[in-house]
Amino acid sequence: MSSQSGKQIVKQPAGKFQLYGIFGHPLGHTLSPRMQEAGFKALGLKAFYVPLDLARFRFVRLMRRLPKLVLDGFNVTVPYKEDAARMLKKILEPEAAAVGAVNTVFKKNGRWRAANTDVFGFGLALKKKGRFNVRGAKAVVLGAGGAARAAVYALAGGGAREIVVCNRHKPRAILLVRNFRRLFPKVCLTAEALEREAVARHLASAGLIVNTTSVGLKPGEAPVIPRAWMPRASSGRKKLFYDLVYRPVQTVFLQNAKSLGHRTLGGAEMLLYQGVRAFELWTGRRAPESAMRRALWEGLKEAPKR
Ligand code: ATR
């Protein structure tokens with residue numbers, strides 16, 4: 001990598017190809033290889049992206065030997081994002097340190113860095129596809145795991161006025177809120193249990209409601225909150241319901257919100273933009289967004305591998 005007018009440029013030696021990959025387990029569901037390879041192809045880059053389905057002890061062993069890894073960059077997905085943050089704590093980018101999860105590892109001036117592009121993906125999808133302005137907004141975040149931390153970081157960093165974290169196990173929400181209050185003292189952060197009274201009360205005054213739990217992924221599963229807890233949209237006051245689940249594309253959570261007159265956003269665009277950001281960190285090139293989106297949506301239309 002070399003630096004030119006402050007911008008990272010990655011030069012590919014003639015005849016060589018680049019190798020990227022994704023670590024996780026299981027990986028049957030991952031759409032990242034086709035999305036990233038579509039991006040490489042669109043730019044004429046000689047690069048491959050392979051799924052690396054490893055047991056935890058093998059993943060941990062590889063992370064310990066990171067300097068010797070032959071990959072040019074990689075993604076980390078479920079269930080290793082938190083493990084990666086712990087193991088790579090000396091090379092964390094600020095957002096990865098705050099969220100406590102790593103999903104993208106790349107080289108900057110020849111040195112490995114560990115980032116969290118879910119934060120970027122969450123925020124850009126919200127802005128571009130959700131057409132939602134976070135600044136000054138009130139948001140309700142359902143869930144308090146790793147995905148919720150990425151969402152809260154993006155929302156607080158984007159200037160949200162108030163964020164309410166509702167979780168089935170309230171102590172986990174309290175812990176999350178306590179950590180982020182230190183980082184974002186100006187944002188009003190509160191924790192609630194995932195119970196009707198509290199959720200319905202906050203939903204009434206929020207502009208954005210985000211499902212960060214994996215509830216809705218399994219066919220026939222009840223949504224994270226029942227339809228009866230959701231308010232009906234009043235004229236000109238539609239809320240945005242954002243589900244980070246991307247398969248199915250339209251979850252029951254989103255169907256319910258839509259039937260009550262609200263706007264909805266599924267998780268596919270966040271998946272796209274976290275990949276776009278990773279692509280740019282690896283290659284130093286502007287990602288071919290439409291080619292990557294096309295590949296992703298083709299994959300989404302196919303039946304999931306289980
Ligand atoms: P991720 O990194 O994808 O966020 P996680 O850290 O395991 O995954 O967090 C999962 C989140 O989904 C948690 O907030 C979890 O709630 P608890 O902390 O109370 O367990 C939430 N979750 C999972 N299954 C749920 C369900 N059936 N109903 C409500 N929340 C659920």
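In this predicted model, Arg34 sits partly exposed, with a relative accessible area of 31%. Its salt-bridge partner is Glu302, and the closest N and O atoms of the two are 3.1 Å apart. The pair ties together distant parts of the chain: Arg34 belongs to helix α1 (residues 32-42), Glu302 to the segment after α11 (289-301), and the two positions lie 268 residues apart in numbering. Glu302, like its partner, falls in the partly exposed class, here with a relative accessible area of 42%.

Salt bridges turn up elsewhere too, and the full count comes to 14. Two of them can be looked at within single helices. In helix α3 (residues 81-87), Arg86 and Asp83 are 3 residues apart, so about one helical turn separates them. Their side chains meet in a salt bridge with an N to O distance of 2.7 Å. The two ends of this pair sit in rather contrasting settings: Arg86 is exposed at 54% relative accessible area, whereas Asp83 is buried at 10%. With the cut-off for buried set at under 20%, Asp83 therefore lands on the buried side.

Helix α8 (residues 196-205) holds a pair with a spacing of 4 residues, Arg201 and Glu197, which again puts about one helical turn between the partners. Here the closest N and O atoms of the salt bridge are 2.9 Å apart. Arg201 counts as partly exposed, with 41% relative accessibility, while Glu197, at 52%, counts as exposed. The exposed label for Glu197 follows because the cut-off is over 50%.

Not every salt bridge stands as a simple pair. Lys128, Glu269, Glu289 and Arg293 are joined up in a network of such bridges.

Turning to the ligand, the surrounding residues include a run from Gly143 through Ala144, Gly145 and Gly146 to Ala147. Also around the ligand are Asn167, Arg168, His169 and Arg172, along with Leu194, Thr213 and Val215. By character, this shell splits into 4 nonpolar, 6 polar and 2 charged residues.

Several polar atoms of the protein come up against ligand oxygens. The side chain of Arg168 places an N or O atom 2.8 Å from an oxygen atom of the ligand, and a polar side-chain atom of Arg172 likewise lies 2.8 Å from a ligand oxygen. Ala147 contributes through its backbone instead, with an N or O atom 3.0 Å from an oxygen atom of the ligand. On its own the ligand has 650 Å² of accessible area, and the protein covers 68% of that.

Definitions and conventions
Residues numbered from 1 in each chain as written. Predicted model: local features only at pLDDT ≥ 70, side-chain atom pairs only at ≥ 80, totals over all residues. Heavy atoms only, no water. Salt bridge = Lys/Arg side-chain N within 4 Å of Asp/Glu carboxyl O. Buried < 20%, exposed > 50% of the residue type's maximum accessible area, 1.4 Å probe, protein only. Near = heavy atom within 4 Å. Polar contact = N/O pair within 3.5 Å; in protein donor to acceptor, adjacent residues only side chain to side chain. Areas by Shrake-Rupley, 256 points an atom, 1.4 Å probe, with all protein chains shown as cover. Nonpolar A, V, L, I, M, F, W, Y, C, P; charged D, E, K, R; others polar.
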